[in-house]
Amino acid sequence: MKAIAWAKYGAPEVLQLRDFKKPFPKNKEVLIKIRASSVTAGDCRLRASKVPMGFWLPTRLAFGMTKPRVPIIGMDISGEIESAGEDVKLFKKGDEVYGTTGMQLGANAEYICLSENSALVKKPNNITHEQAAAIIFGGLTAIHFLRDKANIQRGQKVLVNGASGAVGTASIQLAKYFCAEVTGICSTSNVELVKSLGATKVIDYTKENFTKNKETYDVILDAVGNLSHPQCNKSLTEHGKLVLINTGLLTNLLSIARENIICGVAGESKEGLDFLRARVEAGDIEAVIDRVYPLEQTAEAHRYVDKGHKKGSVVISVGH
Ligand SMILES: NC(=O)c1ccc[n+]([C@@H]2O[C@H](COP(=O)([O-])OP(=O)(O)OC[C@H]3O[C@@H](n4cnc5c(N)ncnc54)[C@H](OP(=O)(O)O)[C@@H]3O)[C@@H](O)[C@H]2O)c1
(Lines give C-alpha, C1' and ligand atoms only; values in the text may rest on other atoms or scores of the structure.)
Protein backbone atom coordinates (compact mmCIF):
# COMPACT_ATOMS: atom_id res chain seq x y z
CA MET A 1 0.00 0.00 0.00
CA LYS A 2 1.00 3.65 -0.41
CA ALA A 3 1.59 5.74 2.71
CA ILE A 4 3.46 8.84 3.85
CA ALA A 5 6.74 7.76 5.38
CA TRP A 6 8.07 9.90 8.22
CA ALA A 7 11.71 8.98 8.79
CA LYS A 8 13.00 12.07 10.60
CA TYR A 9 11.89 15.28 12.32
CA GLY A 10 12.07 18.44 10.22
CA ALA A 11 10.60 20.47 7.35
CA PRO A 12 7.75 19.05 5.18
CA GLU A 13 10.37 17.55 2.82
CA VAL A 14 10.99 14.78 5.37
CA LEU A 15 7.63 13.31 4.31
CA GLN A 16 7.78 10.91 1.36
CA LEU A 17 5.26 8.73 -0.43
CA ARG A 18 6.47 5.11 -0.07
CA ASP A 19 5.25 1.53 -0.48
CA PHE A 20 4.50 -0.32 2.76
CA LYS A 21 3.25 -3.83 3.37
CA LYS A 22 -0.57 -3.84 3.58
CA PRO A 23 -1.41 -4.52 7.27
CA PHE A 24 -3.39 -7.57 8.39
CA PRO A 25 -5.81 -7.31 11.35
CA LYS A 26 -5.14 -9.19 14.61
CA ASN A 27 -8.06 -10.91 16.38
CA LYS A 28 -9.53 -7.76 17.92
CA GLU A 29 -8.53 -5.39 15.11
CA VAL A 30 -10.24 -4.08 12.00
CA LEU A 31 -8.56 -3.33 8.66
CA ILE A 32 -9.76 0.07 7.42
CA LYS A 33 -9.62 1.16 3.81
CA ILE A 34 -8.90 4.86 4.35
CA ARG A 35 -10.87 7.23 2.10
CA ALA A 36 -9.73 10.49 3.69
CA SER A 37 -7.37 11.70 6.40
CA SER A 38 -6.14 15.15 7.37
CA VAL A 39 -3.14 17.35 8.08
CA THR A 40 -3.67 19.24 11.34
CA ALA A 41 -1.68 21.86 13.24
CA GLY A 42 -0.86 19.00 15.64
CA ASP A 43 0.60 16.83 12.84
CA CYS A 44 2.80 19.73 11.74
CA ARG A 45 4.07 20.39 15.26
CA LEU A 46 4.90 16.71 15.64
CA ARG A 47 6.64 16.50 12.25
CA ALA A 48 8.78 19.56 12.94
CA SER A 49 9.21 18.73 16.65
CA LYS A 50 8.07 22.29 17.41
CA VAL A 51 5.92 21.97 20.52
CA PRO A 52 5.04 24.54 23.24
CA MET A 53 7.85 25.29 25.70
CA GLY A 54 8.63 22.43 28.08
CA PHE A 55 6.93 19.75 25.96
CA TRP A 56 9.94 18.89 23.78
CA LEU A 57 11.26 16.10 26.02
CA PRO A 58 7.87 14.47 26.81
CA THR A 59 7.00 14.52 23.09
CA ARG A 60 10.36 13.03 22.05
CA LEU A 61 10.03 10.35 24.75
CA ALA A 62 6.59 9.47 23.40
CA PHE A 63 7.35 9.58 19.66
CA GLY A 64 11.07 8.80 19.43
CA MET A 65 14.16 10.58 20.80
CA THR A 66 16.40 10.93 17.72
CA LYS A 67 13.93 9.98 15.00
CA PRO A 68 10.21 9.13 14.83
CA ARG A 69 9.46 5.67 16.20
CA VAL A 70 6.30 5.37 14.09
CA PRO A 71 6.99 5.11 10.33
CA ILE A 72 3.75 6.67 8.98
CA ILE A 73 2.40 10.12 9.97
CA GLY A 74 -1.20 11.34 10.43
CA MET A 75 -3.95 10.87 13.02
CA ASP A 76 -7.49 11.34 11.71
CA ILE A 77 -9.23 8.95 9.34
CA SER A 78 -12.52 8.27 7.64
CA GLY A 79 -13.01 5.08 5.66
CA GLU A 80 -14.57 1.69 5.35
CA ILE A 81 -14.00 -1.59 7.21
CA GLU A 82 -12.43 -3.99 4.70
CA SER A 83 -12.09 -6.93 7.09
CA ALA A 84 -12.29 -7.70 10.80
CA GLY A 85 -10.35 -10.00 13.14
CA GLU A 86 -12.24 -13.06 14.36
CA ASP A 87 -12.97 -11.62 17.85
CA VAL A 88 -14.26 -8.25 16.61
CA LYS A 89 -17.81 -7.54 17.82
CA LEU A 90 -18.33 -3.81 17.22
CA PHE A 91 -17.79 -3.60 13.45
CA LYS A 92 -18.32 -5.62 10.31
CA LYS A 93 -17.05 -5.53 6.73
CA GLY A 94 -18.49 -2.56 4.83
CA ASP A 95 -19.15 -0.33 7.88
CA GLU A 96 -18.26 3.30 7.26
CA VAL A 97 -16.20 4.60 10.19
CA TYR A 98 -14.33 7.69 11.34
CA GLY A 99 -11.89 8.22 14.16
CA THR A 100 -8.41 8.99 15.28
CA THR A 101 -5.37 6.78 15.64
CA GLY A 102 -3.94 8.90 18.48
CA MET A 103 -0.30 8.17 19.28
CA GLN A 104 -0.33 5.13 16.98
CA LEU A 105 -0.36 7.60 14.01
CA GLY A 106 -0.38 5.98 10.53
CA ALA A 107 -3.42 7.83 9.14
CA ASN A 108 -1.85 9.26 5.97
CA ALA A 109 -2.03 5.88 4.25
CA GLU A 110 -4.27 3.71 2.12
CA TYR A 111 -4.96 1.22 4.94
CA ILE A 112 -4.60 0.94 8.70
CA CYS A 113 -5.38 -1.69 11.34
CA LEU A 114 -6.91 -0.40 14.60
CA SER A 115 -8.22 -2.13 17.69
CA GLU A 116 -12.02 -2.22 17.70
CA ASN A 117 -11.75 -0.47 21.10
CA SER A 118 -9.80 2.50 19.78
CA ALA A 119 -11.34 5.94 19.11
CA LEU A 120 -13.26 4.65 16.11
CA VAL A 121 -17.05 4.75 15.56
CA LYS A 122 -19.61 4.83 12.76
CA LYS A 123 -19.14 7.89 10.56
CA PRO A 124 -21.88 10.57 10.35
CA ASN A 125 -24.23 9.39 7.62
CA ASN A 126 -24.94 12.79 6.05
CA ILE A 127 -21.41 13.85 5.12
CA THR A 128 -18.58 12.65 2.86
CA HIS A 129 -15.41 10.91 4.08
CA GLU A 130 -13.52 14.14 3.41
CA GLN A 131 -15.90 16.13 5.62
CA ALA A 132 -15.75 13.44 8.31
CA ALA A 133 -11.93 13.47 8.37
CA ALA A 134 -12.05 17.28 8.51
CA ILE A 135 -14.24 17.58 11.61
CA ILE A 136 -12.41 15.20 13.97
CA PHE A 137 -9.44 17.27 15.22
CA GLY A 138 -11.32 20.52 15.88
CA GLY A 139 -14.50 18.76 16.98
CA LEU A 140 -12.88 16.54 19.63
CA THR A 141 -10.78 19.45 20.90
CA ALA A 142 -13.82 21.72 21.24
CA ILE A 143 -15.79 18.99 23.03
CA HIS A 144 -12.92 18.30 25.45
CA PHE A 145 -12.24 21.90 26.40
CA LEU A 146 -15.67 23.59 26.15
CA ARG A 147 -18.06 20.79 27.14
CA ASP A 148 -15.91 18.69 29.50
CA LYS A 149 -13.46 21.17 31.05
CA ALA A 150 -15.14 24.60 30.92
CA ASN A 151 -18.62 23.08 31.48
CA ILE A 152 -20.15 25.58 29.08
CA GLN A 153 -23.74 26.62 29.95
CA ARG A 154 -26.74 28.14 28.16
CA GLY A 155 -26.61 31.94 28.05
CA GLN A 156 -22.91 32.23 28.89
CA LYS A 157 -20.72 34.65 26.96
CA VAL A 158 -17.92 32.80 25.18
CA LEU A 159 -14.95 34.31 23.31
CA VAL A 160 -12.97 32.19 20.82
CA ASN A 161 -9.52 33.44 19.73
CA GLY A 162 -8.43 31.83 16.46
CA ALA A 163 -12.06 31.42 15.41
CA SER A 164 -11.36 30.54 11.77
CA GLY A 165 -9.01 27.57 12.35
CA ALA A 166 -9.95 23.92 12.85
CA VAL A 167 -10.45 24.28 16.61
CA GLY A 168 -12.02 27.73 16.31
CA THR A 169 -14.65 26.83 13.70
CA ALA A 170 -15.70 23.76 15.72
CA SER A 171 -15.69 25.74 19.01
CA ILE A 172 -17.91 28.51 17.65
CA GLN A 173 -20.47 25.94 16.46
CA LEU A 174 -20.32 23.86 19.65
CA ALA A 175 -20.75 26.94 21.86
CA LYS A 176 -23.73 27.96 19.72
CA TYR A 177 -25.18 24.44 20.13
CA PHE A 178 -24.97 24.92 23.93
CA CYS A 179 -26.91 28.21 23.46
CA ALA A 180 -24.00 30.41 24.49
CA GLU A 181 -23.55 33.92 23.12
CA VAL A 182 -20.40 33.55 21.03
CA THR A 183 -17.83 36.11 19.92
CA GLY A 184 -15.08 35.05 17.50
CA ILE A 185 -11.69 36.70 16.92
CA CYS A 186 -10.15 36.39 13.43
CA SER A 187 -8.58 38.45 10.67
CA THR A 188 -10.55 40.55 8.16
CA SER A 189 -10.91 37.92 5.43
CA ASN A 190 -12.50 35.41 7.85
CA VAL A 191 -15.12 37.68 9.45
CA GLU A 192 -17.98 36.46 7.21
CA LEU A 193 -17.03 32.79 7.70
CA VAL A 194 -17.03 33.12 11.50
CA LYS A 195 -20.39 34.96 11.43
CA SER A 196 -21.87 32.25 9.20
CA LEU A 197 -20.91 29.60 11.78
CA GLY A 198 -23.05 31.28 14.44
CA ALA A 199 -20.91 33.93 16.11
CA THR A 200 -23.10 36.76 17.40
CA LYS A 201 -20.15 39.13 17.24
CA VAL A 202 -16.82 39.01 15.42
CA ILE A 203 -13.71 40.94 16.43
CA ASP A 204 -11.17 41.57 13.67
CA TYR A 205 -7.83 41.31 15.45
CA THR A 206 -6.15 43.51 12.85
CA LYS A 207 -8.43 46.40 13.89
CA GLU A 208 -9.42 45.85 17.51
CA ASN A 209 -7.81 44.55 20.72
CA PHE A 210 -10.55 42.80 22.71
CA THR A 211 -8.73 43.33 26.03
CA LYS A 212 -9.36 47.08 25.67
CA ASN A 213 -13.11 46.99 24.93
CA LYS A 214 -14.34 46.43 28.54
CA GLU A 215 -16.51 43.41 27.52
CA THR A 216 -16.36 40.43 29.91
CA TYR A 217 -16.78 36.73 29.12
CA ASP A 218 -17.62 33.57 31.08
CA VAL A 219 -15.24 31.52 28.92
CA ILE A 220 -12.30 32.68 26.80
CA LEU A 221 -10.79 29.93 24.62
CA ASP A 222 -7.43 30.75 23.10
CA ALA A 223 -6.69 28.51 20.09
CA VAL A 224 -3.80 30.70 18.92
CA GLY A 225 -1.37 30.78 21.82
CA ASN A 226 -0.91 34.54 22.10
CA LEU A 227 -3.00 35.14 25.23
CA SER A 228 -2.10 34.88 28.91
CA HIS A 229 -3.98 35.20 32.19
CA PRO A 230 -2.67 38.69 33.07
CA GLN A 231 -3.76 39.91 29.60
CA CYS A 232 -7.26 38.37 29.85
CA ASN A 233 -7.99 38.91 33.55
CA LYS A 234 -10.05 42.08 33.05
CA SER A 235 -12.02 40.44 30.20
CA LEU A 236 -13.22 37.55 32.39
CA THR A 237 -16.34 37.62 34.57
CA GLU A 238 -15.89 36.96 38.31
CA HIS A 239 -15.95 33.17 37.85
CA GLY A 240 -14.87 33.26 34.21
CA LYS A 241 -12.60 30.54 32.83
CA LEU A 242 -9.60 30.99 30.57
CA VAL A 243 -8.91 27.99 28.31
CA LEU A 244 -5.34 27.98 26.95
CA ILE A 245 -4.92 25.05 24.54
CA ASN A 246 -1.58 26.09 23.13
CA THR A 247 0.59 26.96 26.08
CA GLY A 248 3.87 25.87 27.68
CA LEU A 249 4.47 23.30 30.41
CA LEU A 250 4.92 25.92 33.15
CA THR A 251 1.45 27.44 32.57
CA ASN A 252 0.04 23.89 32.40
CA LEU A 253 1.54 23.12 35.81
CA LEU A 254 0.41 26.45 37.32
CA SER A 255 -3.14 25.87 36.05
CA ILE A 256 -3.45 22.77 38.27
CA ALA A 257 -3.76 25.07 41.27
CA ARG A 258 -6.02 27.61 39.49
CA GLU A 259 -9.65 26.66 38.97
CA ASN A 260 -10.21 29.41 36.39
CA ILE A 261 -7.31 28.47 34.07
CA ILE A 262 -7.76 25.37 31.93
CA CYS A 263 -4.88 23.83 29.98
CA GLY A 264 -3.85 20.31 28.98
CA VAL A 265 -4.23 18.02 26.01
CA ALA A 266 -7.53 16.94 24.43
CA GLY A 267 -8.03 13.20 24.53
CA GLU A 268 -9.81 11.00 22.03
CA SER A 269 -12.72 8.68 22.82
CA LYS A 270 -15.58 6.79 21.21
CA GLU A 271 -17.97 8.88 23.34
CA GLY A 272 -16.55 12.14 21.94
CA LEU A 273 -16.79 10.87 18.37
CA ASP A 274 -20.39 9.65 18.91
CA PHE A 275 -21.36 13.00 20.39
CA LEU A 276 -19.73 14.75 17.43
CA ARG A 277 -21.54 12.46 14.98
CA ALA A 278 -24.89 13.29 16.64
CA ARG A 279 -24.16 17.02 16.32
CA VAL A 280 -23.17 16.67 12.66
CA GLU A 281 -26.22 14.53 11.78
CA ALA A 282 -28.51 17.04 13.54
CA GLY A 283 -26.95 19.87 11.52
CA ASP A 284 -25.50 21.63 14.61
CA ILE A 285 -21.88 21.34 13.45
CA GLU A 286 -20.49 21.25 9.94
CA ALA A 287 -17.00 20.65 8.63
CA VAL A 288 -15.14 23.66 7.26
CA ILE A 289 -12.65 22.55 4.60
CA ASP A 290 -9.99 24.89 3.31
CA ARG A 291 -8.11 22.64 0.86
CA VAL A 292 -8.07 18.99 -0.21
CA TYR A 293 -4.79 17.36 -1.33
CA PRO A 294 -4.25 13.87 -2.75
CA LEU A 295 -2.20 11.49 -0.54
CA GLU A 296 0.93 11.94 -2.66
CA GLN A 297 0.89 15.71 -1.93
CA THR A 298 0.81 15.37 1.87
CA ALA A 299 4.14 17.25 2.20
CA GLU A 300 2.58 20.14 0.23
CA ALA A 301 -0.41 20.07 2.60
CA HIS A 302 2.01 20.33 5.57
CA ARG A 303 3.67 23.33 3.92
CA TYR A 304 0.27 25.05 3.72
CA VAL A 305 -0.79 24.20 7.29
CA ASP A 306 2.62 25.40 8.58
CA LYS A 307 1.66 28.95 7.54
CA GLY A 308 -0.85 29.04 10.44
CA HIS A 309 -3.72 30.68 8.54
CA LYS A 310 -5.86 27.87 7.23
CA LYS A 311 -9.65 28.19 7.38
CA GLY A 312 -11.00 25.11 9.16
CA SER A 313 -9.24 21.93 8.04
CA VAL A 314 -6.92 20.57 5.37
CA VAL A 315 -7.95 17.15 4.10
CA ILE A 316 -6.00 14.33 2.43
CA SER A 317 -8.10 12.47 -0.10
CA VAL A 318 -7.05 8.84 -0.51
CA GLY A 319 -7.82 7.27 -3.87
CA HIS A 320 -7.54 3.50 -4.32
N1 LIG B 1 -4.04 21.23 23.76
C2 LIG B 1 -4.60 20.46 22.85
O3 LIG B 1 -5.02 19.33 23.13
C4 LIG B 1 -4.74 20.96 21.44
C5 LIG B 1 -5.67 20.34 20.59
C6 LIG B 1 -5.81 20.84 19.30
C7 LIG B 1 -5.04 21.91 18.87
N8 LIG B 1 -4.12 22.46 19.71
C9 LIG B 1 -3.30 23.60 19.24
O10 LIG B 1 -4.18 24.69 19.03
C11 LIG B 1 -3.71 25.49 17.98
C12 LIG B 1 -4.83 25.76 17.00
O13 LIG B 1 -5.13 24.61 16.27
P14 LIG B 1 -5.97 24.74 14.93
O15 LIG B 1 -6.07 23.39 14.36
O16 LIG B 1 -7.22 25.49 15.15
O17 LIG B 1 -4.96 25.63 14.05
P18 LIG B 1 -5.24 26.32 12.63
O19 LIG B 1 -6.37 25.64 11.96
O20 LIG B 1 -3.93 26.42 11.96
O21 LIG B 1 -5.78 27.77 13.00
C22 LIG B 1 -5.01 28.77 13.50
C23 LIG B 1 -5.85 30.03 13.42
O24 LIG B 1 -5.17 31.03 14.16
C25 LIG B 1 -5.54 32.26 13.60
N26 LIG B 1 -4.55 33.28 13.94
C27 LIG B 1 -3.25 33.36 13.53
N28 LIG B 1 -2.70 34.45 14.11
C29 LIG B 1 -3.65 35.02 14.88
C30 LIG B 1 -3.71 36.15 15.75
N31 LIG B 1 -2.63 36.94 15.92
N32 LIG B 1 -4.86 36.43 16.42
C33 LIG B 1 -5.95 35.66 16.26
N34 LIG B 1 -5.97 34.58 15.44
C35 LIG B 1 -4.84 34.27 14.78
C36 LIG B 1 -5.62 32.02 12.10
O37 LIG B 1 -6.63 32.86 11.58
P38 LIG B 1 -6.32 34.10 10.59
O39 LIG B 1 -5.91 33.47 9.28
O40 LIG B 1 -7.60 34.83 10.56
O41 LIG B 1 -5.18 34.85 11.19
C42 LIG B 1 -6.01 30.55 12.01
O43 LIG B 1 -7.35 30.41 11.61
C44 LIG B 1 -2.51 24.75 17.36
O45 LIG B 1 -1.33 25.34 17.85
C46 LIG B 1 -2.65 23.34 17.89
O47 LIG B 1 -1.41 22.69 18.02
C48 LIG B 1 -3.96 22.01 20.98
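Two residues are in contact if their C-beta atoms, placed from the backbone, lie within 7 Å. Keep in mind that this is a predicted model, where local features need pLDDT of at least 70, side-chain atom pairs count only at pLDDT 80 or more, and totals for chains, interfaces and linings use all residues. Residue numbers start from 1 along each chain, as its sequence is written.

**Exercise 1.** Work out which domains the protein chain has and how many residues of each are in contact.

*Solution.*
- Step 1: Look up the domains: the assignment (automatic or from a database) gives domain 1 (2-134 + 270-317) and domain 2 (136-262).
- Step 2: Check the spacing: their C-alpha centres lie 26 Å apart.
- Step 3: Count the contacts: 23 residues of domain 1 touch 22 residues of domain 2.
- Step 4: Find the elements (DSSP runs numbered from the N terminus: helices are H or I, at least four residues, and strands are E, at least two). On the domain 1 side, α1, β5 (96-100) and α8 (270-281) give two or more residues each.
- Step 5: Pick out the largest share: α8 supplies it, with four residues.

**Exercise 2.** Find where the ligand lies relative to the two domains, and which residues come nearest.

*Solution.*
- Step 1: List the neighbours, counting a residue as near if its C-beta atom, placed from the backbone, lies within 6 Å. There are 28 residues around the ligand, and G165, A166, V167, S187 and H309 come nearest.
- Step 2: Trace them to elements: α1 (41-48), α4 (166-177) and β9 (181-186) each give two or more residues to this shell.
- Step 3: Place the ligand: domain 1 and domain 2 both give residues to the shell, so the ligand lies between them.
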